[in-house]
Structures are given as structure tokens and as C-alpha cells.
Amino acid sequence: MRVGLIGCGNVGVGAHLPALAAAEGVAVVAAADPTPERLAIAGSEGGLAADRLHPAWRDLLARPDVDAVVIATPQRCRTEIALAAAAAGKHLLLEKPLALAPAAAQAIVDAAAAAGVTVATNHNYRFLPVYQAIAAVLEDGEIGSPELAVLNFMGVEDRPGAGAYAPRWRHQAAEAGGGVLMDMLHAVYLANWFLGADPVAVSAFVDRRRDDGGDVEDWALVRLAYPSGQALLNMAWGVGPGGVEITATRGRAVLVNEGFGTHPFVPPREIVVVGPAGGRTIVPEPPRVFGFAGVVED
Ligand SMILES: NC(=O)c1ccc[n+]([C@@H]2O[C@H](COP(=O)([O-])OP(=O)(O)OC[C@H]3O[C@@H](n4cnc5c(N)ncnc54)[C@H](O)[C@@H]3O)[C@@H](O)[C@H]2O)c1
């Protein structure tokens with residue numbers, strides 16, 4: 001599969017390029033970014049000649065040698081690019097959140113279906129061994145049925161975007177849609193996985209506690225109700241604790257990260273599982289690379 005990378009910022013170059021290089025049967029053949037410094041970095045990191053580097057994403061979409069695109073721009077421009085890419089017959093791997101609003105995200109999904117191309121987004125925490133280990137404990141029934149999942153991400157780092165573009169775009173609602181809620185979807189899909197269902201009710205408190213000149217929230221406390229239990233998802237750009245605490249009918253599972261910090265900004269340390277048979281500690285394995293290409297080929 002021949003892939004074009006659109007958006008060559010921190011995540012495009014720092015995460016997608018090395019993952020694509022490590023994936024079997026995948027070659028990155030072109031990149032697009034209007035910021036010359038980022039395009040040049042993508043060229044050198046991805047080993048791409050000048051005729052494969054495009055300031056305008058439409059020129060990348062016009063290439064017949066591109067089968068699929070990864071769109072790792074800020075979400076403001078993702079919808080327009082994704083709709084055009086689907087119309088051009090390219091498979092899509094979209095960074096999250098898909099769009100600024102749900103209707104735009106649905107339009108992308110509909111356009112991909114109409115064009116017969118595969119569209120996917122990054123539920124990347126589901127592929128991390130630490131969360132797979134928690135899910136396996138719950139699926140095995142070792143501690144009974146989960147009743148409450150508390151997911152703390154109170155130390156999400158407010159990492160600036162690539163310096164040459166707009167380092168503070170995450171603080172502008174027009175560019176980002178929201179602030180720290182941008183990362184809440186990771187907590188939501190983890191909670192859905194742990195509780196084994198989609199939520200049936202939600203309530204939330206959001207706030208902007210640091211007057212930093214932006215117009216987005218930096219603090220979000222969310223309660224999700226499921227048929228079998230509840231989840232409390234706490235997320236902030238701050239320095240508070242991280243980790244996961246599962247209360248189940250016959251025991252508990254607790255993920256402790258380095259320094260009680262927020263994963264993946266600090267590494268996971270251990271999962272302590274206590275059930276009727278006693279306690280044990282799981283040390284999570286390091287992450288592995290999984291490919292989008294296999295999903296498209298299947
Ligand atoms: N899945 C995850 O865990 C995860 C983690 C971090 C960021 N992200 C997502 O990745 C996306 C990018 O974040 P980032 O931290 O790399 O931001 P960044 O600011 O570092 O990079 C954004 C890049 O997009 C480029 N760009 C802007 N407009 C463009 C356009 N019209 N066409 C092509 N390129 C354009 C910019 O020049 C810049 O190089 C965001 O949607 C963010 O939510 C996901």
C-alpha cells in the first residue's frame with residue numbers, strides 16, 4: 001500500500017512516519033504540508049525526493065501512486081481534506097478527533113462509504129499492551145463484573161504544536177473544536193471497552209481554570225452510565241494524577257503509572273489485580289506496531 005501523509009507536524013512525522021515505516025507492505029510515497037519547514041522535515045525523515053513533497057494537499061490527492069492517506073492536520077481542515085480524499089478514491093486513516101463537530105464526522109464516514117474506501121481513526125490506546133492487559137483481566141472474569149471504572153488523566157501534557165506552524169492551535173476553538181476534550185475520546189473508548197457496552201447516559205463538568213488567552217476548556221470531569229455500571233473520566237491539562245481503578249463484583253484492578261502520572265506522558269508501571277484468589281501484579285509489555293494496511297486489504 002502506497003501512503004501519502006497530509007500534515008507533517010509532531011504526530012505526522014513523530015508517530016505516523018516511523019509507524020508506517022515499520023509496517024509490513026506499506027511505503028510512504030508523498031507528503032503534504034503548507035509549512036515549508038515541516039515539509040522539509042518529512043522529506044528528510046521519510047526519504048522523500050522533492051517531487052514527492054507538496055505544499056498543497058490537493059496535489060498529493062491528484063497522485064495516482066497514492067492508495068491511502070493519513071490526515072494528521074489540526075481538525076479544522078480535516079473534513080475538507082477527507083471529503084476530497086474519499087472522492088479521489090483514497091483510503092483514509094484520520095487522526096482524532098475526526099472533525100470539529102459530529103455532523104462533519106458523519107459526512108466523512110458517509111463519503112467514504114459512498115466512494116467504497118476504508119475510513120479509520122486512531123483508537124491507539126486500544127493497541128497498547130497496558131490497556132489490553134486490563135481488558136484481559138476483565139474478560140477472564142478473574143475479578144467478576146466491572147461496576148465502576150475510574151480513568152484519571154489529570155496530567156495530560158499541554159504539548160505545543162509544531163513550532164513552525166501554530167504552536168497554540170489547541171487553545172483555539174476554531175482550530176481545535178475543544179481543548180483537553182480533544183483527548184477525551186481515548187478515555188471514552190477505553191471505558192466502553194472495560195464496561196463492555198456503549199454508554200446510556202452522560203453528564204459532565206468542564207471548565208477553563210487557567211486564563212491563558214485561549215477559548216477552550218482545560219478541565220473535564222465526565223460521568224458515563226452503562227447498563228452494568230459507571231465510569232468516571234477525569235482529564236485536565238495539568239499536573240494531577242493519572243491511572244485506572246476498576247471496581248468489580250469480586251475484586252479490583254488498579255493501574256499505577258510512573259510517579260502516579262498520566263499515561264502515555266509517563267510510562268505505565270504495574271497493574272495490581274486483587275480477586276478472591278489473592279493478589280498479583282502485571283508488568284505491562286512494551287508497545288508494538290499494528291498496521292492500517294492489513295485492515296484495508298482484508
Ligand atoms: N492519536 C493520538 O494519540 C494523538 C496525539 C497527538 C495529536 N493527535 C492529533 O494529531 C493531529 C495533529 O496534531 P500535532 O500535535 O501533530 O499538531 P502540529 O501542530 O504539530 O502539526 C500540525 C501540522 O499540520 C499542518 N497543516 C496545517 N494545515 C494544513 C493543511 N491545510 N494541509 C496540510 N497540513 C496542514 C501544519 O503545518 C503542521 O505541520 C491533531 O488532530 C491531534 O488531535 C493525536
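## Sheet and strand pairing

Two strands count as paired here if DSSP finds at least two bridges between them. Strand 13 and strand 14 clear that bar in this predicted model, with five bridges joining the two in an antiparallel run. One spot to look at in this pairing is Val273, which stands opposite Arg280 in strand 14.

Zooming out, strand 13 and strand 14 sit at one end of an open sheet of eight strands. The order is 8-9-10-7-11-12-13-14, with mixed pairing. Strand 8 (201-207) and strand 14 (278-282) are the edge strands, each pairing on one side only. From one strand to the next, the twist averages 10°.

## Helix 6 on the sheet

Helix 6 packs on this sheet and touches strand 7, strand 11, strand 12, strand 13 and strand 14. Its direction makes about 5° with that of strand 13.

## Nonpolar cores

Now for the inside. The largest nonpolar core has 40 residues. Those with the most contacts inside this core are Tyr131, Ile134, Leu151, Phe153, Leu190, Phe194 and Leu233. Two helices, helix 6 (129-140) and helix 8 (184-195), are among the elements that give two or more residues to the core. The strands that do so are strand 7 (146-156), strand 9 (219-226), strand 10 (229-237), strand 11 (242-248), strand 12 (251-257) and strand 13 (268-275). Helix 8 supplies the largest share, eight residues.

Leu233 makes a handy viewpoint on this core. Setting aside neighbours within four places in sequence, Leu233 is in contact with Leu151, Met184, Ala187, Val188 and Ala191, and also with Ala220, Leu221, Val222 and Leu224. There's a second core too, separate from the largest one, with 21 residues. Its members include Ile6, Ile71, Leu92 and Val117.

## Salt bridges between separate parts

The structure holds ten salt bridges. One of them pairs Arg58 with Glu80, and the closest N and O atoms are 3.1 Å apart. Arg58 lies in helix 3 (residues 57-61) and Glu80 in helix 4 (residues 78-87), so this bridge ties together parts that are 22 residues apart in sequence. Arg58 is partly exposed at 49% relative accessible area, and Glu80 counts as partly exposed at 46%.

Another bridge brings together the side chains of Asp212 and Arg168, at 4.0 Å from N to O. This one links distant parts of the chain, 44 residues apart. Asp212 is in the loop between strand 8 and strand 9, while Arg168 is in the loop between strand 7 and helix 7 (173-176). Both ends are partly exposed: Asp212 has 30% relative accessibility, and Arg168 has 40%.

## A buried pair and its network

Are Arg63 and Asp65 buried or exposed? The cut-off for buried is under 20% relative accessible area. Arg63 comes in at 13%, so this arginine counts as buried. Asp65, with 18%, is buried as well. Arg63 and Asp65 form a salt bridge with each other, the closest N and O atoms being 2.9 Å apart.

That pair is also part of a network: salt bridges that share partners join Arg52, Arg63 and Asp65.

Technical notes. Residues numbered from 1 in each chain as written. Predicted model: local features only at pLDDT ≥ 70, side-chain atom pairs only at ≥ 80, totals over all residues. Heavy atoms only, no water. Core = buried A, V, L, I, M, F, W, Y, C linked by side-chain atoms within 4.5 Å. Buried < 20%, exposed > 50% of the residue type's maximum accessible area, 1.4 Å probe, protein only. Helix = DSSP H or I, 4+ residues; strand = E, 2+ residues; numbered from the N terminus. Contact = heavy atoms within 4.5 Å. Axes fitted to C-alpha atoms, helices over the stretch in contact; angles between N-to-C directions.
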